[in-house]
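Colleague: I should like to learn how to read several local features in a model of this kind. May we take them one at a time?

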Amino acid sequence: MDKTEVLVIGSGPAGLKGALGAAEQGAKVTLVERDPFLGGQLVKQTHMFFGSKEQYASERGFKIAEKLTAAVEEHSAIRVLKEAAALGYYDDGVVTLELKGRVLPVSFNTMIMATGAQENTLMFPNCDLPGIYGAGAVQTLMNVYGVLPGKRVAMLGAGNIGVIVSYQLLQAGVEVPAIIEAAPDIGAYHVHASKVRRMGVPIYTSHTVVSAHGKDFLEKITVAELSDSWQPVPGTERELDVDVLCIAVGLTPLTEILFQAGCEMAYIPELGGHVPRRSAVLETSVPNIFVAGDVSGIEEASAAMVEGTIAGLKAALNLGYGRDSYEEKIAAAHRELASLRKGPTGEKIRSGLDHLEQAGEVRQ
Ligand SMILES: Cc1cc2nc3c(=O)[nH]c(=O)nc-3n(C[C@H](O)[C@H](O)[C@H](O)COP(=O)(O)OP(=O)(O)OC[C@H]3O[C@@H](n4cnc5c(N)ncnc54)[C@H](O)[C@@H]3O)c2cc1C
């Protein structure tokens with residue numbers, strides 16, 4: 001049985017900041033990551049971030065990952081386990097890891113779940129043909145491994161991910177004949193949408209993919225217009241020759257271990273599905289289990305980092321560390337989170353959090 005004071009699962013922006021937040025207060029931390037590298041989604045983000053200096057504005061995601069990874073790996077109170085997947089939760093604070101082909105049980109005093117999210121997909125005839133990818137997979141292929149997914153790629157979904165990955169495909173010299181979006185409006189920031197439009201990519205709103213075609217690989221897709229009740233309008237179908245279809249239709253929080261641990265959950269569509277009920281400092285209904293980042297509701301890396309800090313500070317406080325500086329640091333982090341969530345871009349998350357609060361507040 002391995003032992004740690006603070007167990008952090010997942011090394012995206014939330015987990016990296018969670019580990020640093022707890023370690024800087026004096027706690028001993030074990031950070032586990034199933035991938036061979038740290039950084040989560042950040043490692044594939046080649047575009048520049050928005051926000052303020054504290055939120056790494058104008059820096060590229062993979063550069064932010066490099067900085068945070070270096071800080072974590074240099075910290076003497078943080079032990080990092082890579083290629084270590086958390087498999088399950090057992091009573092009395094034990095999580096099992098799969099590490100180098102064996103199962104390692106780890107007991108912890110406090111835990112921060114920062115597992116992020118998985119991509120949603122869509123069902124239509126032949127949706128399993130080779131050549132149909134999730135946007136995250138395309139981003140990993142291109143930006144982490146330097147492999148182009150195809151020559152002519154249609155994008156399904158005009159949210160931030162769909163539009164940003166389309167832009168990255170264009171930068172890599174790939175042809176993007178269309179972005180197809182079921183909703184009547186584009187979900188992405190307009191600055192990104194304008195950029196791809198200026199590069200000649202049409203965005204078809206109120207449209208969807210109704211089928212895919214090809215013998216061994218994807219060769220073409222059929223696209224149709226959607227009615228006000230989101231049904232394909234007969235007679236509007238047209239075919240598009242493509243060798244890749246990239247699906248970017250949202251994310252769902254990776255909450256399995258929270259369910260196993262018995263955390264109270266609520267279904268909040270604005271946050272991406274089932275999310276844990278938690279206190280203002282991100283402690284779930286199970287004492288000493290915290291959440292941060294996309295697992296607590298789909299948002300952005302900037303917010304994930306601040307949530308990681310909050311969870312790290314409180315996880316350390318529960319162990320008796322950092323009493324003197326806690327209140328001041330938590331107040332500063334809450335101010336930062338509020339500023340990230342203000343304005344029209346924060347409307348969805350604010351509404352989701354209001355609905356979560358109505359499901360009942362967790363007090364720890
Ligand atoms: C294309 C794209 C563009 C984006 N652009 C921006 C942007 O410009 N600005 C911004 O703020 N945000 C952006 N985001 C959103 C941002 O990347 C995410 O909100 C953020 O990465 C969430 O951080 P996280 O730490 O919660 O999860 P993730 O970054 O997803 O990290 C989760 C980590 O947990 C690991 N993990 C999962 N399960 C286990 C397990 N069982 N055991 C061990 N490890 C596990 C995963 O391997 C992963 O490394 C973008 C996202 C995408 C996809």
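Colleague: Where is the place of E83?

Modeller: This is a predicted model. In it, E83 sits in the loop that runs between β3 (78-81) and β4. Its phi is positive, at about 50 degrees, although E83 is not a glycine.

Colleague: Does a similar reading apply elsewhere, and what is the phi of N288?

Modeller: N288 is likewise a residue other than glycine, and its phi is positive, near 75 degrees. N288 belongs to the loop between β18 (273-276) and β19 (289-291).

Colleague: Why do E83 and N288 count as partly exposed?

Modeller: The class of partly exposed covers relative accessible areas between 20% and 50%. E83 has a relative accessibility of 48%, and therefore counts as partly exposed. N288 has 24%, so N288 is partly exposed as well.

Colleague: How should I read S211: is it buried or exposed?

Modeller: Under 20% relative accessible area, a residue is called buried. S211 has 12%, and is therefore buried. This serine is part of strand β12 (residues 207-213), and its side chain makes a polar contact of 3.2 Å with the side chain of H213.

Colleague: And what is the place of E66?

Modeller: E66 lies in helix α2 (residues 61-74). With a relative accessible area of 44%, E66 is partly exposed. For separation, one may set sequence beside space: E66 and A303 are 237 residues apart in sequence, and their C-alpha atoms are 18 Å apart.

Colleague: Let us turn to aromatic rings. How many aromatic pairs are there?

Modeller: In general, a pair of aromatic rings is described by the distance of the centres and the angle of the planes. With centres required to lie within 6.5 Å, the count here is one aromatic pair. Y89 and F108 form that pair, with 6.4 Å from centre to centre and 50 degrees between the planes, and the arrangement is tilted.

Colleague: Which parts does this pair tie together?

Modeller: Y89 belongs to strand β4 and F108 to strand β6 (residues 102-113), so the pair links parts that are 19 residues apart in sequence. Both Y89 and F108 are buried.

Colleague: Now the ligand. Which residues come nearest to it?

Modeller: There are 31 residues around the ligand, and E33, Q45, H47, D294 and A301 come nearest. Specific polar atoms can then be examined. A polar side-chain atom of Q45 is 2.7 Å from an oxygen atom of the ligand. Backbone atoms also take part in such approaches: a polar backbone atom of Q41 is 2.9 Å from a ligand oxygen, and a polar backbone atom of D294 is 2.8 Å from an oxygen atom of the ligand.

Colleague: How much of the ligand's accessible area does the protein cover?

Modeller: On its own, the ligand has 990 Å² of accessible area, and the protein covers 93% of it. The elements that contribute two or more residues to the surrounding shell are α1 (13-24), β4 (84-90), α4 (160-171) and α7 (301-318).

Colleague: How do the residues of the shell divide into nonpolar, polar and charged?

Modeller: The shell around the ligand holds 13 nonpolar residues, 12 polar residues and six charged residues.

Colleague: Finally, which domains does the shell draw on?

Modeller: Domain 1 (2-118 + 251-358) and domain 2 (133-247) each supply at least three residues to the shell around the ligand.

Terms used
Residues numbered from 1 in each chain as written. Predicted model: local features only at pLDDT ≥ 70, side-chain atom pairs only at ≥ 80, totals over all residues. Heavy atoms only, no water. Near = heavy atom within 4 Å. Polar contact = N/O pair within 3.5 Å; in protein donor to acceptor, adjacent residues only side chain to side chain. Areas by Shrake-Rupley, 256 points an atom, 1.4 Å probe, with all protein chains shown as cover. Helix = DSSP H or I, 4+ residues; strand = E, 2+ residues; numbered from the N terminus. Nonpolar A, V, L, I, M, F, W, Y, C, P; charged D, E, K, R; others polar. Domains from an automatic or database assignment. Phe/Tyr/Trp six-rings, centres within 6.5 Å; stacked < 30°, edge-to-face > 60°. Buried < 20%, exposed > 50% of the residue type's maximum accessible area, 1.4 Å probe, protein only.
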